[in-house]
Amino acid sequence: IARPELAFVNGDDGGVKIVGSVEALGRRIPITVSTRVRTAKRKLVVSPVRLEGLPLVGMLPQLPDLEIPVNLPLGLEFTDVATEPGYLVLTFSGTEINFVPDSEAD
């Protein structure tokens, strides 16, 4: 499997759908991966839910989650994530968080 051409679109139930194609066995094969996006303290977690398009896809093992750590200020954590057309909407909460304006950071 080589040369993926992929795009990200809004999926069902707050997920992200990855659509495109890959080159396999000398031909271009369309694929669609439906995912679920969630938060886990200081990480975004993208879990594959359904993979369609590749031959023998039923023989593949469960695909692993993609965990994306995000460097948040101390005391701040993700509380929710949702999708809007073209965007991920992230909700945060925290206590005792100090934000320093750019002019004071120098």
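Okay, let's start at Val 81. Setting aside neighbours within four places in sequence, Val 81 is in contact with Val 37, Arg 38, Thr 39, Leu 44, Leu 88, Val 89 and Leu 90. And before anyone asks: yes, this is a predicted model.

So where does Val 81 sit? It belongs to the largest nonpolar core, which has seven residues: Val 16, Val 37, Leu 44, Leu 72, Leu 76, Phe 78 and Val 81. Strand 6, residues 76-84, gives that core its largest share, three residues. Two of the contacts of Val 81, Val 37 and Leu 44, are members of the core as well. In general, nonpolar side chains in soluble globular proteins tend to be buried together.

Now look at the other end of that contact list, with Leu 88 and Leu 90. Those two, along with Phe 92, make a nonpolar patch on the surface, about 230 Å². Leu 90 lies in strand 7, residues 87-94. Is Leu 90 buried or exposed? Well, neither: its relative accessibility is 31%, so it counts as partly exposed. Val 81, then, touches core members such as Val 37 and also patch members such as Leu 90.

Okay, zooming out. The chain has seven strands and one helix, and going from the N terminus, the order is β-β-β-β-β-β-β-α. There are 106 residues, and 23% of them count as buried. The chain exposes about 7700 Å², with 56% of that coming from carbon and sulfur atoms. Last one: take the contacts between residues at least 6 apart in sequence, and 28% of them join residues at least 24 apart.

Methods
Residues are numbered from 1 along each chain as its sequence is written. This is a predicted model: local features need pLDDT of at least 70, side-chain atom pairs count only at pLDDT 80 or more; totals for chains, interfaces and linings use all residues. Side-chain values use heavy atoms; hydrogens and water are left out. Patches are made of residues with over 30% relative accessible area and no salt bridge: like charges are joined within 9 Å, nonpolar side chains (Val, Leu, Ile, Met, Phe, Trp, Tyr) within 5 Å. Accessible areas come from the Shrake-Rupley method with a 1.4 Å probe; for residues, only the protein chains shown count as cover. A salt bridge is a side-chain nitrogen of Lys or Arg within 4 Å of a carboxyl oxygen of Asp or Glu. Helices (H or I, at least four residues) and strands (E, at least two) are DSSP runs, numbered from the N terminus. Buried means under 20% relative accessible area, exposed over 50%, partly exposed in between (1.4 Å probe, protein chains only). A nonpolar core is a set of buried Ala, Val, Leu, Ile, Met, Phe, Trp, Tyr and Cys residues joined through side-chain atoms within 4.5 Å. Contact means heavy atoms within 4.5 Å.
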